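Let's take a walk through this one together, starting with a small detail and working outwards. Keep the structure open beside you as you read.

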Amino acid sequence: MAQAQAARETFRERIAKRTQHGDGIFWGLTLFFALLVIVLVFAILWVTWSDSQQARERFGLAFFTSGEWNPVETEVNPVSFGAMPAIVGTLISSAIALILAAPVAIGIGIFLAELCPPAIRTPLSFMVELLAAIPSVIYGVWGVMVFAPFFTQNVARPMSETIGQIVPWLGGNVASGRGLLIAGIILSIMILPTIAAITRDVLTLVPNTQREVMLALGATRWEVIWLSVVPYARAGIIGAVMLGLGRALGETMAATMLVGNRPQVPETLFEPATTAAALVASELVNSQTLIHESALVLIALALFAITLLLNLSARLLIWYMNRGPVGRTRA
Amino acid sequence: MSLKSSASPNYSRRKAIDVMMRSLVFVATGLAIVPLVLIIGYVIVIGGGALNWEFFTDIYQPPMQVSMPDLGPIDPNDPFANLDLGSLVGGEPGTGQEGANDEKGADILEAPARGGVFHGIVGTLLITTVALIIATPIGIMAGIFLSEFPDNSVATTVRFASDVLSGAPSIIVGVTAYILIVNAKGADGQPLGFAGIAGSIALTFLMVPTITRTTEEVLKLVPEATREAALAMGATTWYSTFTVVVPTALSGIVTGVMLAFARGAGETAPLIMTVLGSNVLMTNLFEPMAALPLITYRYTESPFPSENTLAWGSAFVLMMLVLLVNILVRIATRNRLRMR
Amino acid sequence: MQRHLVRPVLLMIAFVLFMSTFVITAPSQAQTQPTPTPRPEVTPTRPRATPTPRPRRTPTPRPQAATPTAQPTAPAAWAPRQISGVALQGSGATFPNPLYQAWISVYKNVVPGVTISYQAVGSGQGQRDFIRYLTDFGGTDSALPADRIAAEAPDTLHVPMVIGAVVPTYNLPGLPAGTVLRFSPETLSGIYLGEITRWNDPKIVADNPGVPLPDLSITPVYRSDSSGTTAIWTDYLAKVSEAWRTRVGAGTTVRWPAGIGAPGNAGVAGTVVRTEGAIGYVEQAFAIGNRLPVPAVKNAAGNYVLPTPETVSAAAAGVTIPEDLRFSITNPQGANSYPIAGLTWILIRSQTYTDVPKAQALTDFLYWCLTEGQGAAVRLGYVQLPTEVRLKAMAQLNKVRVRGEQVFTTPPR
């Protein structure tokens, strides 16, 4: 008996000896893979930085403010690379997307968090999140084949003929069916679930005392939400909007298919234009010269840097809102 | 004193605002559901109409075909058998003569859809699965690190990096993979070229954050008591993690992996730059391959109905894939959500 | 099995089954490569009936050669080598894409062991992919400029395959049935410069007396990608319009003064189909294949000509053919010549291929296209190369060498 126990002891000791460094290896191994995630981000930054070297050295910061994008030398137009059309297009289409999506999405978040009957809360949340899961190329297909003709005929044309006479940037020829406005509308549908889901999450985190205090003072349900819950979650909601903006800035496929791909600053919202992501997507594989490719990679790098900064600020805001480090968000 | 008289003087206005705003947000939610229904509906109806056995099993067939007379009998029922476009171009312009263009072109336009997307399905499955194989270990181990050692600067940076990656424009990872792999000079001085594996690596960038985040979430939900019980039995941290904690959270991790798969399968921009696309069935990952999102993108604007049908059909397949994965995930996690 | 593992394992099995339904229900790869039966699988009873109110044309025996030049056939003894296990990758112009896809589809029956994939992504990307050794061959309608060849890919060979006509097709509802418009160089350049903005502009009316043109705005459509078709079109406009030459110029990408962009010949055709009042320049096959009208264009001699095989061949006649086979045929002087036509080339390497079977398969395929395939070209709305050009193209194939060894010899005639 004692002998068997002694045998088992040594077996257990043997296991213990073999695994006494196990925790260290465990820590090292998981740390390695965690660092790999950081390495992935740095890989993107390093690769785009080095490949855009030629453009950075030749143009400098003036690259982003000059307005001529003419990548191919012809007798008439000298080669010039200016990112202004791409930047203007990106900013305008994202602004349109935000203006359209933010109020609706915040409303959805408020509804789902505060006013929705619990029975339908989960299915409704699910359906809103399903919008985020649809691949962007399907948004593009639907936009091109279904939405664009309908919109051009029924909304753009009347708008151009009525308001367009007064406001020049809403007028002009709408026949193309492409442009910043239509791209902005589809983008707004795409960022809607992002903002709505985060808003709903931060609103659920607001402590109940906020609501109870207002109710005790005799506020209506809307006043409770608008005057007490939402201001408490203000930072988080702004963070949500910023994350939505980040998604709109970087959206590629739907923008490429709907924006018209004309690398010039448009005069109306119905004229074809371009966005940074669309420009890179359509021209990088066609680029014939190294400087052209380098300029496009520089635009991609700038886009990445901006989304990085936006993410950072949004994360800090949500962190501030939660008074602590944030583990995750449903971006 | 009735309640009404004790109410504040502007109560009716406040109540009106209350009702109005509450119904407004309700309408806003409906507004979000409308495009969802429209998009899914159109894709199902038009895309679903494109599906048949040939669609799933055949590869690309060009919309305009010819048959070489010395290659065997011609099927008289085949609308393309005697297509002869070159010998006819309109009557005298401006005179109103019947243009023969009309008839010939009509045969192409009215012919049934040709070809299929089998090569695209195989390509998408291969590329996304390889990307998943690369991304899953990274994501799970990083998630384990974040849940076991949560409060240090490395962990915060890793969380930030993973959020940056998940919010990154997909064109960026395409550009990165293009520069790193497609353009990089190989041993014989010639670049690797377009390859399925380059697309897989591009997709890895996008999948890792999803898996990391989900793994961390579910691991944090495992109650401390479970870990402590394992430790009390004399297990080391790593042993208890891998044999007790992770298996408890396994269903959540699997859902994260499935979500990453759905996300990767739907991405187009990374594939444009790294995987040229192909019209034939190609299973060699070091050559250009076809992929469903590429087929959708390339043939959307095509005027040929057969190619257009391919675009809608592959949009349908993609959509179904994504929807089914999301619904499966939802069903699997509903208990977990209810507990929260 | 432990309880808490049941659900995840079931989930994974469900997931794997779901994925495998796609793969299991399909035949294996060996079967998808067509067996050497002459026709691709065409069952007379299709699941979907062709809706056709118009009477079906009964197949009439076709004349063997409906072309002005003699039907080119390879000498009786020649057949492509039966190489197996080779995959050829090409990318490039959308201009000849319907033809190339048709050729590839038939060639699968001729040499089943060779898999050819050609992606129509535009001449610009085709040139770029070829120069960077990302593809085996490239398709382009715009010949590479000499300095670029010398600097980046000195062993490039241009092999012309076929001539195609670029037509300014349009979408104008409300015209009497069968009416086809006529355009002069002034109207075409005016439209694309943005100076002519409505269809009932006096200049267009002058070209088309008696045709009731509606008061509709014109939307010019151009190529948003780098395109050889654009090169042919702008080359023509630069030759006929001083304003165009000084303000816009010619090239695969230009700064368009007006209009909207679409990717590929297919994209331009699709946009014209979907936009009322649009006009776009596409290769003829794309117009005919989509029931878009093919208008007549006024040539340098002052005659309105339609792009028929005769008129397009006339455009190529009388041009001095350089040794490297890179030349343009826009705006020729002949009385019966169609003014907007161009060659399309396949780019191959003369010295830097490393794989002998691949080079052999490629040269065999190109020779087959230049001989057996020319009939198909005509049937699809392209135009055969003149005999002299075709012979020189075949001679180019002899120059392909792998490590110094020639891989192809033109059979004696």
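Take C:Lys298 as a starting point: its bridge partner is C:Tyr304, which belongs to strand 10 of chain C. Keep in mind that you're looking at a predicted model. The two strands involved here, strand 9 (residues 296-298) and strand 10 of chain C, run antiparallel and are joined by 2 bridges. They belong to an open sheet of 3 strands in chain C, ordered 5-9-10, with mixed pairing. Strand 5 (182-183) and strand 10 (304-305) of chain C are the edge strands; each has a single partner, so one side of each is left without a neighbour in the sheet.

Now move over to the other open sheet in view, with 8 strands of chain C in the order 2-1-3-11-4-8-6-7 and, again, mixed pairing. Which strands stand at its edges? Those are strand 2 (114-120) and strand 7 (260-262) of chain C, and because each has a single partner strand, one side of each has no neighbour in the sheet. From one strand to the next, the twist averages 25°.

Strand 11 (residues 341-349) of chain C is a good place to pause within this sheet. On one side, strand 3 (residues 137-140) of chain C pairs with strand 11 of chain C in the antiparallel sense over 3 bridges, and there C:Gly139 has C:Ile346 as its bridge partner. Strand 4 (residues 156-170) of chain C also runs antiparallel to strand 11 of chain C, this time with 9 bridges joining the two. Along that pairing, C:Gly164 stands opposite C:Gly342.

How many of the residues of strand 11 of chain C are buried? The count is 9 of 9. In a regular strand, side chains alternate between the two faces of the sheet. Here both faces are covered: C:Ala341, C:Leu343, C:Trp345, C:Leu347 and C:Arg349 are buried on one side, and C:Gly342, C:Thr344, C:Ile346 and C:Ile348 are buried on the other.

Carry on along the sheet and you'll find strand 4 of chain C joined by 5 bridges to strand 8 (residues 278-283) of chain C, the two running antiparallel. In that pairing C:Thr169 sits opposite C:Gly280. There is also a helix to look for: helix 4 (residues 123-131) of chain C lies across strand 1 (86-92), strand 3, strand 4 and strand 11 of chain C, at about 155° to strand 3 of chain C.

For helix-on-helix packing, try helix 6 (residues 185-193) and helix 8 (residues 228-240) of chain C, whose axes come within 10 Å and cross at roughly 115°. The crossing is left-handed. Helix 6 of chain C brings C:Pro185, C:Leu188, C:Ser189 and C:Tyr192 to the contact, while helix 8 of chain C brings C:Trp233, C:Tyr236, C:Leu237 and C:Val240. That makes 7 nonpolar residues, 1 polar and no charged ones.

Finally, step back to whole chains. Chain C has 15 helices and 13 strands, whereas chain B has 14 helices and 0 strands. Of the 413 residues of chain C, 59% are buried; for the 340 residues of chain B, the figure is 62%. Chain C exposes about 15500 Å², with carbon and sulfur atoms supplying 57%, and chain B exposes about 12300 Å², with carbon and sulfur atoms supplying 65%.

Key:
Residues are numbered from 1 along each chain as its sequence is written. Chains are lettered from A and ligands numbered from 1 in the order in which they are written. This is a predicted model: local features need pLDDT of at least 70, side-chain atom pairs count only at pLDDT 80 or more; totals for chains, interfaces and linings use all residues. Side-chain values use heavy atoms; hydrogens and water are left out. Axes are lines fitted to C-alpha atoms, for helices over the stretch in contact, and angles run from 0 to 180 degrees between N-to-C directions. Helices (H or I, at least four residues) and strands (E, at least two) are DSSP runs, numbered from the N terminus. A crossing is left-handed if the near helix is turned anticlockwise from the far one by less than a right angle, and right-handed if clockwise. Contact means heavy atoms within 4.5 Å. Ala, Val, Leu, Ile, Met, Phe, Trp, Tyr, Cys and Pro count as nonpolar, Asp, Glu, Lys and Arg as charged, and the others, Gly among them, as polar. Buried means under 20% relative accessible area, exposed over 50%, partly exposed in between (1.4 Å probe, protein chains only). Accessible areas come from the Shrake-Rupley method with a 1.4 Å probe; for residues, only the protein chains shown count as cover. Two strands pair if DSSP finds at least two bridges between them.
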